[in-house]
Amino acid sequence: MRPLRNPVIQAVLAWLLAGWMRFCFATIRWTHQNRGVAEAVWDAGGGVLCAFWHSRIGLSPACWPLDRAQPAKALISLSPDGQFIARAVALQGIPAVRGSSANKDKADRAKGGSQALRDGLRQLKVGALAITPDGPRGPAREMAEGLPLLARLSKTPVLFIGLSCSPAIRLNSWDRAILPLPFARGAIVWDVAHYPEGAELADVALAWTERLNAVEVAADAITGLERV
């Protein structure tokens, strides 16, 4: 049996990972670029979608100050790996909405997409919803239509968040995910958009892919993390 399918092992590993992330975040030397964009969204209150690529989940709690920003939840898949990530993130004050933000046409099949859509829209009435629009299985840095669909239905702003850390642990996963190391150099870069009136989902997904790539490239340039 895979270790992450054992609930006891999963809980212990999630606790250890959450502790490691908190320690790293406290010791990393952070650079913030275009933070005023996020500050304006936080000041306005209400719903907001937060988008970052799947490879940067391990850095994501660092971008959302719980004492300053709206209460947040994270949209995380129903897979065993997703359950592990959900536990670790929840231990840092960001509970999960379980399901997938993948293609809307698959919402009624696996991964709880239909329920996740309803739960996500409910969350966006009161706070933030974090999404990895290329998750849970990629292709890496290719945006599915789930994020634009949620933005169109909820009429909430979308924060594109570029996250980087160097040096870092790079996993041998489909997205080459990174985990932070203590005393590293970190960067968080923001951009913001609203769903364009009358636009097609596929067109928005392509345009927003470029914007999300741009903030991540900017963050990697600050830290010196190699792009892969």
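So, where is Val8 found? Val8 sits in helix H1, which covers residues 7–27. Before I go on, keep in mind that this is a predicted model.

Okay, staying with Val8. Its relative accessibility comes out at 59%, and the cut-off for exposed is over 50%, so Val8 counts as exposed. Val8 also has company: together with Ile9, Val12, Leu13, Trp15, Leu16 and Leu91, Val8 makes up a nonpolar patch on the surface. Added together, those residues have about 660 Å² of accessible area. For the chain, the exposed area is about 10,600 Å², and 57% of that is supplied by carbon and sulfur atoms.

Now the overall layout. We've got six helices and seven strands, and if you read along the sequence the order goes α-β-α-β-β-α-β-α-β-α-β-β-α. Take contacts between residues at least 6 apart in sequence: 76% of them join residues at least 24 apart.

Right, on to the inside. The chain has 228 residues, and 48% of them count as buried. The largest nonpolar core holds 38 residues, and the ones with the most contacts inside that core are Val48, Cys50, Trp64, Leu159, Ile161, Leu163 and Trp190. Among the elements giving two or more residues to this core are H1, helix H2 (35–44), strand S2 (48–51) and strand S7 (178–193). There's a second, separate core too, with 28 residues, including Leu129, Leu150, Ala187 and Val204.

Last one: what does Val48 touch, leaving out residues up to four places away in sequence? Its partners include Val41, Trp64, Leu124, Leu129 and Leu159, and also Gln70 and Thr156.

Notes:
Residues are numbered from 1 along each chain as its sequence is written. This is a predicted model: local features need pLDDT of at least 70, side-chain atom pairs count only at pLDDT 80 or more; totals for chains, interfaces and linings use all residues. Side-chain values use heavy atoms; hydrogens and water are left out. Helices (H or I, at least four residues) and strands (E, at least two) are DSSP runs, numbered from the N terminus. Buried means under 20% relative accessible area, exposed over 50%, partly exposed in between (1.4 Å probe, protein chains only). Contact means heavy atoms within 4.5 Å. Accessible areas come from the Shrake-Rupley method with a 1.4 Å probe; for residues, only the protein chains shown count as cover. Patches are made of residues with over 30% relative accessible area and no salt bridge: like charges are joined within 9 Å, nonpolar side chains (Val, Leu, Ile, Met, Phe, Trp, Tyr) within 5 Å. A salt bridge is a side-chain nitrogen of Lys or Arg within 4 Å of a carboxyl oxygen of Asp or Glu. A nonpolar core is a set of buried Ala, Val, Leu, Ile, Met, Phe, Trp, Tyr and Cys residues joined through side-chain atoms within 4.5 Å.
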